Amino acid sequence: MSTEESSGLSKTATIVTIAGTLLGTLLAYLSLAAAVKWPPFTPKPAVTVFQGGDPHDNRCPGSACHKIGVSLSDFDADTTVRCTLDSTEGPDVFGTVTVRVDGDGQGQVESTNFYGTPGGWVSATCDGHTGRLDGW
(Lines give C-alpha, C1' and ligand atoms only; values in the text may rest on other atoms or scores of the structure.)
Protein backbone atom coordinates (compact mmCIF):
# COMPACT_ATOMS: atom_id res chain seq x y z
CA MET A 1 0.00 0.00 0.00
CA SER A 2 1.38 3.40 -0.91
CA THR A 3 1.80 6.30 1.48
CA GLU A 4 -0.99 8.18 -0.33
CA GLU A 5 -3.47 5.30 0.15
CA SER A 6 -2.48 4.97 3.80
CA SER A 7 -2.89 8.70 4.30
CA GLY A 8 -6.37 8.61 2.69
CA LEU A 9 -7.50 5.79 4.97
CA SER A 10 -6.13 7.64 7.96
CA LYS A 11 -8.08 10.77 7.06
CA THR A 12 -11.28 8.75 6.52
CA ALA A 13 -10.83 6.96 9.85
CA THR A 14 -10.30 10.31 11.60
CA ILE A 15 -13.43 11.81 10.05
CA VAL A 16 -15.51 8.75 10.99
CA THR A 17 -14.16 8.87 14.55
CA ILE A 18 -14.97 12.59 14.91
CA ALA A 19 -18.47 12.16 13.43
CA GLY A 20 -19.15 9.19 15.73
CA THR A 21 -17.95 11.09 18.78
CA LEU A 22 -20.10 14.12 17.92
CA LEU A 23 -23.17 11.96 17.29
CA GLY A 24 -22.63 10.05 20.55
CA THR A 25 -22.24 13.29 22.51
CA LEU A 26 -25.38 14.77 20.94
CA LEU A 27 -27.45 11.67 21.70
CA ALA A 28 -26.19 11.60 25.30
CA TYR A 29 -27.08 15.30 25.71
CA LEU A 30 -30.56 14.83 24.25
CA SER A 31 -31.21 11.78 26.45
CA LEU A 32 -30.15 13.67 29.56
CA ALA A 33 -32.20 16.74 28.60
CA ALA A 34 -35.30 14.59 28.02
CA ALA A 35 -34.78 12.71 31.30
CA VAL A 36 -34.72 15.92 33.34
CA LYS A 37 -37.55 17.38 31.25
CA TRP A 38 -35.48 20.35 30.18
CA PRO A 39 -37.76 23.07 28.65
CA PRO A 40 -37.19 22.34 24.94
CA PHE A 41 -38.68 18.92 25.58
CA THR A 42 -41.49 20.01 27.88
CA PRO A 43 -44.76 18.97 26.22
CA LYS A 44 -47.67 21.35 26.09
CA PRO A 45 -50.44 20.63 28.63
CA ALA A 46 -53.31 18.64 27.13
CA VAL A 47 -56.99 18.36 28.10
CA THR A 48 -59.10 15.37 27.08
CA VAL A 49 -62.86 15.15 27.58
CA PHE A 50 -64.35 11.66 27.84
CA GLN A 51 -67.64 9.96 28.55
CA GLY A 52 -67.65 8.90 32.16
CA GLY A 53 -69.92 6.48 33.94
CA ASP A 54 -73.69 6.24 34.03
CA PRO A 55 -75.05 8.98 36.30
CA HIS A 56 -78.05 6.84 37.34
CA ASP A 57 -80.34 9.86 37.11
CA ASN A 58 -83.92 9.75 35.82
CA ARG A 59 -83.51 13.23 34.32
CA CYS A 60 -81.06 11.78 31.80
CA PRO A 61 -82.38 8.53 30.36
CA GLY A 62 -80.85 6.72 27.42
CA SER A 63 -77.55 5.21 26.42
CA ALA A 64 -76.00 8.60 25.52
CA CYS A 65 -76.20 9.82 29.12
CA HIS A 66 -72.81 9.86 30.86
CA LYS A 67 -70.96 11.82 33.48
CA ILE A 68 -68.52 14.33 31.99
CA GLY A 69 -64.93 13.17 32.41
CA VAL A 70 -61.83 15.37 32.16
CA SER A 71 -58.29 14.07 31.89
CA LEU A 72 -55.18 16.26 32.08
CA SER A 73 -51.62 15.51 31.03
CA ASP A 74 -48.37 17.46 31.19
CA PHE A 75 -49.68 20.08 33.62
CA ASP A 76 -47.58 21.48 36.48
CA ALA A 77 -46.99 18.69 39.00
CA ASP A 78 -48.78 18.55 42.35
CA THR A 79 -51.31 21.29 41.60
CA THR A 80 -55.07 21.67 41.51
CA VAL A 81 -56.48 22.84 38.18
CA ARG A 82 -59.89 24.42 37.70
CA CYS A 83 -61.73 23.50 34.49
CA THR A 84 -64.76 25.25 33.00
CA LEU A 85 -67.19 22.98 31.16
CA ASP A 86 -69.13 23.94 28.03
CA SER A 87 -71.42 22.03 25.66
CA THR A 88 -73.76 22.18 22.69
CA GLU A 89 -76.37 23.56 25.09
CA GLY A 90 -74.22 26.64 25.77
CA PRO A 91 -71.81 27.95 28.37
CA ASP A 92 -72.52 28.11 32.08
CA VAL A 93 -74.75 25.02 32.09
CA PHE A 94 -72.27 22.81 33.95
CA GLY A 95 -70.00 25.24 35.79
CA THR A 96 -66.55 24.05 36.82
CA VAL A 97 -64.70 21.00 38.09
CA THR A 98 -61.35 20.79 39.83
CA VAL A 99 -58.72 18.24 38.93
CA ARG A 100 -55.88 17.25 41.25
CA VAL A 101 -52.68 16.84 39.24
CA ASP A 102 -50.14 14.29 40.52
CA GLY A 103 -46.35 14.45 40.57
CA ASP A 104 -46.18 13.33 36.94
CA GLY A 105 -48.44 16.15 35.72
CA GLN A 106 -51.43 13.82 35.20
CA GLY A 107 -54.94 14.09 36.60
CA GLN A 108 -58.45 12.84 35.93
CA VAL A 109 -61.93 13.42 37.31
CA GLU A 110 -65.51 12.51 36.51
CA SER A 111 -67.80 15.44 37.12
CA THR A 112 -71.03 15.01 39.02
CA ASN A 113 -72.56 16.73 35.98
CA PHE A 114 -73.86 14.59 33.14
CA TYR A 115 -74.66 15.04 29.48
CA GLY A 116 -76.93 13.05 27.21
CA THR A 117 -77.37 14.70 23.81
CA PRO A 118 -76.33 12.20 21.12
CA GLY A 119 -74.13 13.90 18.52
CA GLY A 120 -73.54 16.93 20.75
CA TRP A 121 -70.19 18.11 22.06
CA VAL A 122 -68.69 18.85 25.46
CA SER A 123 -65.52 20.83 26.13
CA ALA A 124 -63.36 21.64 29.13
CA THR A 125 -61.02 24.61 29.43
CA CYS A 126 -58.37 24.18 32.11
CA ASP A 127 -55.81 26.92 32.78
CA GLY A 128 -56.20 28.20 29.21
CA HIS A 129 -55.97 24.77 27.53
CA THR A 130 -59.10 23.31 25.91
CA GLY A 131 -60.15 19.80 25.02
CA ARG A 132 -63.37 18.86 23.30
CA LEU A 133 -65.30 15.66 22.65
CA ASP A 134 -67.38 15.89 19.47
CA GLY A 135 -70.05 13.35 18.69
CA TRP A 136 -71.11 12.64 22.25
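Which residue in β4 is the bridge partner of T80? I looked this up before anything else, and the residue is R100. The model I am reading is a predicted one.

**Entry 1: the chain as a whole**

I counted the elements next. The protein chain has 1 helix and 7 strands. Read from the N terminus, their order is α-β-β-β-β-β-β-β, so I can follow the strands by number from here on.

I then checked burial. The protein chain has 136 residues, and 28% of them count as buried. I noted an accessible surface of about 8700 Å² for the protein chain, with 56% of that surface belonging to carbon and sulfur atoms.

I also looked at how far apart in sequence the contacting residues lie. Among contacts in the protein chain with a separation of 6 or more, 57% are between residues 24 or more positions apart.

**Entry 2: the sheet of 4 strands**

I went back to β4 and asked which strands it belongs with. The order in this open sheet is β4-β3-β6-β7, and the pairing is antiparallel. The edge strands are β4, residues 96–101, and β7, and each of these pairs on one side only. From one strand to the next I read an average twist of 25°.

T80 and R100 are bridge partners, and I looked up the strand pair around them. Strand β3 covers residues 79–87, and 6 bridges join it to β4. The two strands run antiparallel.

At the other end of the order I looked at β6 and β7. Strand β6 covers residues 121–126 and strand β7 covers residues 129–134. They too run antiparallel, with 6 bridges joining them. I found W121 standing opposite D134 in β7.

How many residues lie between β6 and β7 in their hairpin? I found 2 residues there. D127 is in the turn, and its phi is positive, at about 50°.

**Entry 3: the sheet of 3 strands**

I found another open sheet, with 3 strands in the order β1-β2-β5 and antiparallel pairing. β1 and β5, the latter at 107–115, have a single partner strand each, so one side of each has no neighbour in the sheet. The twist here averages 25° from one strand to the next.

I looked more closely at β2 and β5. Strand β2 covers residues 66–73, and 6 bridges join it to β5, antiparallel. G69 stands opposite E110 in β5.

**Entry 4: V49**

I picked one residue of β1 to follow. V49 is found in this strand, which covers residues 46–51. Is V49 buried or exposed? I read a relative accessibility of 6% for V49, so V49 counts as buried, the cut-off being under 20%.

I then listed what V49 touches, leaving aside its neighbours within four places in sequence. Its contacts include I68 and G69, and G69 is the residue I had noted opposite E110. V122, S123 and A124 are also among the contacts, and these numbers fall within β6, residues 121–126. Others on the list are G131, R132, L133 and W136.

I checked one distance as well. V49 and T130 are 81 residues apart in sequence, and their C-alpha atoms are 9.1 Å apart in space.

**Entry 5: the helix**

I left the helix for last. Helix α1 covers residues 3–35, and L23 is found in it. L23 also helps to make a nonpolar surface patch of about 460 Å². The other residues of this patch are L26, L27, Y29 and L30.

Technical notes:
Residues are numbered from 1 along each chain as its sequence is written. This is a predicted model: local features need pLDDT of at least 70, side-chain atom pairs count only at pLDDT 80 or more; totals for chains, interfaces and linings use all residues. Side-chain values use heavy atoms; hydrogens and water are left out. Buried means under 20% relative accessible area, exposed over 50%, partly exposed in between (1.4 Å probe, protein chains only). Contact means heavy atoms within 4.5 Å. Accessible areas come from the Shrake-Rupley method with a 1.4 Å probe; for residues, only the protein chains shown count as cover. Two strands pair if DSSP finds at least two bridges between them. Axes are lines fitted to C-alpha atoms, for helices over the stretch in contact, and angles run from 0 to 180 degrees between N-to-C directions. Patches are made of residues with over 30% relative accessible area and no salt bridge: like charges are joined within 9 Å, nonpolar side chains (Val, Leu, Ile, Met, Phe, Trp, Tyr) within 5 Å. A salt bridge is a side-chain nitrogen of Lys or Arg within 4 Å of a carboxyl oxygen of Asp or Glu.
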